[in-house]
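User: I'm new to this structure and would love a close look at its metal site. Could you walk me through that part and then show me what lies around it in the rest of the chain?

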Amino acid sequence: MRIQLLPSTFDAQGVANLEQRLTCFLVDDCVAVDAGSIAIALTNEQRTKVKDIIVTHPHMDHIASLPIFIDDLYPTLQEPMRIYATEEVIGLLERDVFNWNVYPRFSDLKNDYGPVMEYVPIPIGKPFSVAHLSVVAVPVNHIVPTVGLVVSDGQTSVAFSSDTAETEAFWTIVNEMKDLDALLIEASFPDRMAELAEVSRHFTPASLGQELKKLTHNGMDIMTVHLKPSYRDEIVEQLKALKIPKLRVMEPGRIYEW
Ligand SMILES: [Zn+2]
Ligand SMILES: [Zn+2]
C-alpha cells in the first residue's frame, strides 16, 4: 500500500516544505483519507484517479479544499465523486459547507454525464469497501464527531487515528487486527500546551506516549502526523525523546510503502 500525506505548505517557488497545515492522505493514488489539501497538492495524474474520499470529521483542516476539488473537476466527472462519512458528518457537511452559502450543494447537481458528488454513509465497526480497500471506522475522542480508520488491501493494513485524544474503541480494533503494518497517529501540540491539547482533544508527545501503551502490536511503523506548524521543532524533539522504537514523523510529500 502506498500512502502519501499530501503537502500543504509551499515556498515562493512552489516547493513543498514539511509544515503540515492541512490533512489529506492519498492511498494507492486513488483513495483520499480526508481532503484538506486535495485540490492544491495532487499531481494532474493523481487528480484524474481519485474518485473516493473518506472524510473522518468536518474540521476545516480536513476538508478545506474539498469543495474546490469538486468544483475543478465539475465538467469532466463521468461518475460522481464519492464522499464516505458517517451520517452525522454528512449532515454537518451539508449544513455547514455544501449549503449554497459557503459553496454549492454539489450533491444536488449534475453535469453532462450525471451527478457530480454522492455521499456514501459509512457504518461504525463494520467493514465497508472503498475502491479496492476494506475499511473499518470507529469513533475516536475529538471535539466533533470523528472516526479513526483501519484500511486494508488484503495484504497490508494501516490504521489512521484521525484527530483524537485518549480513546478506547480505536485500540480495540487495532489490537484485534492479525497484522498491522503502520499506525498513523496525531501529535498536535507540544507538552507545555497540554491544557489546550486536552480541551481541543488532541495529543501532545507526552499524552501520545501514554496512549501508545494501549497498543499491543509490536514492531509496526508508528508515523506521527498533524504537528502544528508553529511548534513543529519542539514537538519533533519531544517525540524523539519518547524513544519509542519505529516512531517517526511522517513527511508530507513523501511516498511511503507498506
Ligand atoms: Zn479536528
Ligand atoms: Zn485536524
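Analyst: Happy to! Let's start with the geometry at the zinc ion (ligand 2): its four donor atoms make angles of 89 to 165°, and the site is irregular. An upper value of 165° lies outside the range of 85 to 135 degrees that a tetrahedral site would need. Please keep in mind that this is a predicted model.

Which residues hold the zinc ion (ligand 2)? The protein donors are Asp61 and Asp163, each through OD, together with His62 and His226, each through NE2. These donors lie 2.0 to 2.1 Å from the ion. Along the sequence, the donor residues follow the spacing D-H-x100-D-x62-H.

The two histidines deserve a second look. Histidine 62 sits in helix α3 (residues 60-63), while histidine 226 belongs to the loop between β12 (221-225) and α9 (232-241), so this pair ties together parts that are 164 residues apart in sequence. Histidine 62 is buried, with a relative accessible area of 1%. Histidine 226 is buried as well, at 6%.

There is also a second metal to find. The zinc ion (ligand 1) is 3.5 Å from the zinc ion (ligand 2), and aspartate 163 coordinates both.

Now for the rest of the chain, beginning with the nonpolar residues. The largest nonpolar core has 30 residues, and Ile38, Ile53, Val55, Phe69, Ile83 and Leu93 have the most contacts inside it. Two or more residues of this core come from each of α1 (38-41), α4 (66-73), β5 (81-85), α5 (87-96) and β6 (117-121). Helix α4 gives the most, with four residues.

Isoleucine 53 shows how this core is put together. Leaving aside neighbours within four places in sequence, isoleucine 53 is in contact with Ala32, Asp34, Ala35, Ile38, Leu66, Phe69, Met81, Arg82, Ile83 and Tyr84. Apart from this core lies another, of 28 residues, including Ile122, Val151, Leu184 and Trp258.

Finally, have a look at strand β1 (residues 2-5), which has partners in two other strands. With strand β14 (residues 255-257), β1 pairs in the antiparallel sense over three bridges. Three bridges also join β1 to strand β2 (residues 25-27), and these two run antiparallel. Isoleucine 3 is a good residue to find on screen here: isoleucine 3 stands opposite tyrosine 256 in β14, and has valine 27 as its bridge partner in β2.

Definitions and conventions. Residues are numbered from 1 along each chain as its sequence is written. Chains are lettered from A and ligands numbered from 1 in the order in which they are written. This is a predicted model: local features need pLDDT of at least 70, side-chain atom pairs count only at pLDDT 80 or more; totals for chains, interfaces and linings use all residues. Side-chain values use heavy atoms; hydrogens and water are left out. Donors are N, O and S atoms within 2.8 Å of the metal (3.2 Å for Na, K and Ca); water is not among the atoms, so sites may look incomplete. Four donors count as tetrahedral if all angles lie between 85 and 135 degrees; four count as square planar and six as octahedral if opposite donors are over 155 degrees apart and all others between 65 and 115; anything else is irregular. Buried means under 20% relative accessible area, exposed over 50%, partly exposed in between (1.4 Å probe, protein chains only). A nonpolar core is a set of buried Ala, Val, Leu, Ile, Met, Phe, Trp, Tyr and Cys residues joined through side-chain atoms within 4.5 Å. Contact means heavy atoms within 4.5 Å. Two strands pair if DSSP finds at least two bridges between them.
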